[in-house]
Amino acid sequence: MIIVMKPKAKQVSIDRVKAIIEEKGLYAHISAGHEVTIIGVVGDKAKLMDQNLAIYDEVDKIVYVTESYKLANKKFHPDPTIVNVGNVTIGGDTTVIMSGPCAVESRQQLLATAHAIKKAGAHILRGGAYKPRTSPYAFQGLEEEGLSYMKEAREETGLPVVCEVTSLDAIESAVKYVDMLQIGARNMQNFYLLKEAGKTDLPVLLKRGLSATIDEWLNAAEYIIAEGNPNVVLCERGIRTFETATRNTLDISAVPAIKAKSHLPIIVDPSHATGVRDYVKPLSMAAVAAGADGLMIETHPDPSTALSDGPQSLSFDQFEVLTEELRPLVTLLGKKL
Ligand code: PEP
Ligand code: MN
């Protein structure tokens, strides 16, 4: 349930409604806009059944929300959320490109990649230091050593850095080195991890779970926001379907669906969605055309020797071609790259 106050409602009227909600043991989340204040009721709204909040001073209307997520809900927060990652803003008028290797493999590999993607126009460096691999025998990541290379790459290039975290220990280490935490597809419903990410003050990139519905995904975002961290960026990375020609099936419809249901920015990862290098460019175009706020693209100095996800990684030259070909499309859409 959401209570929309009249434009420029007085603080005393807002406090009155808030007090009634709290008296019932519920939480009143206040979203104070420039003109209008919106109060979200978090908890069992049945406890308010005996109250007609519409009669109180300066209450404009009551909106009933059927979705269980509220803080991530567009009805609650009609203006788009803009998330700052270092000096980069996601959700504004720039189509933000994150790029880098699947896994940080060495200092030299990461620094070379950081310089190359910056030259091609990327805004954020991505790299995995904790790799949630399907096989326990596959390369698991350099962990804190990898994070230190991420930090060094940021110092050298000025690009903000994002790294996946897979445990509380990883969060505790990552906050010392990176500008954004990534929660990967496999951990999208690791509610403990979501809450811990929500307790940090770093923005969180939340990838869609392998078989998660949009509703489940937005509820996962709700876990982070409910801990006090509103800076969540969603990332569509393909879902499991019957199709085997690609690693996953990119759900392009998730972009307008998220835009209709939520105020959070959404980016698209065509690398993990397809697993096929040649499909990354056409699907990047499709994602941007559908309204995505950005892209995540895997790149590697020599994809043929990559320790993970080589077949979907672009060489530096291929990445440069991609950004060059994206530029006119982004401009046509009235945005910047
Ligand atoms: C990744 O971004 O490196 C990754 C493992 O992606 P996902 O969680 O989407 O599989
Ligand atoms: Mn990968």
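Begin by selecting His272, which is buried in this predicted model, with a relative accessible area of 9%. Because the cut-off for buried is under 20% relative accessible area, Asp309 is the next residue to pick, since at 17% relative accessibility Asp309 also counts as buried.

Now show the manganese ion (ligand 2), which is coordinated by Cys102 through SG, His272 through NE2, Glu298 through OE and Asp309 through OD, at 2.0 to 2.3 Å. Along the chain, the donors of this manganese ion follow the spacing C-x169-H-x25-E-x10-D. If you colour by secondary structure, you will find His272 in helix H8 (residues 270-274) and Asp309 in the loop between S14 and helix H10 (316-332), so the pair ties together parts that are 37 residues apart in sequence.

From the donor Glu298, move to strand S14 (residues 294-298), where 5 of its 5 residues are buried. In a regular strand the side chains alternate between the two faces of the sheet. For S14, both faces are covered, with Gly294, Met296 and Glu298 buried on one side and Leu295 and Ile297 buried on the other.

Which strands pair with S14? Select strand S7 (residues 96-100) first, which runs parallel to S14 and is joined to S14 by 5 bridges; within this pairing, Gly100 stands opposite the metal donor Glu298. Then add strand S13 (residues 266-268), which pairs with S14 in the parallel sense over 2 bridges, and look for Ile267, which stands opposite Gly294 in S14.

Notes
Residues are numbered from 1 along each chain as its sequence is written. Chains are lettered from A and ligands numbered from 1 in the order in which they are written. This is a predicted model: local features need pLDDT of at least 70, side-chain atom pairs count only at pLDDT 80 or more; totals for chains, interfaces and linings use all residues. Side-chain values use heavy atoms; hydrogens and water are left out. Buried means under 20% relative accessible area, exposed over 50%, partly exposed in between (1.4 Å probe, protein chains only). Helices (H or I, at least four residues) and strands (E, at least two) are DSSP runs, numbered from the N terminus. Two strands pair if DSSP finds at least two bridges between them. Donors are N, O and S atoms within 2.8 Å of the metal (3.2 Å for Na, K and Ca); water is not among the atoms, so sites may look incomplete.
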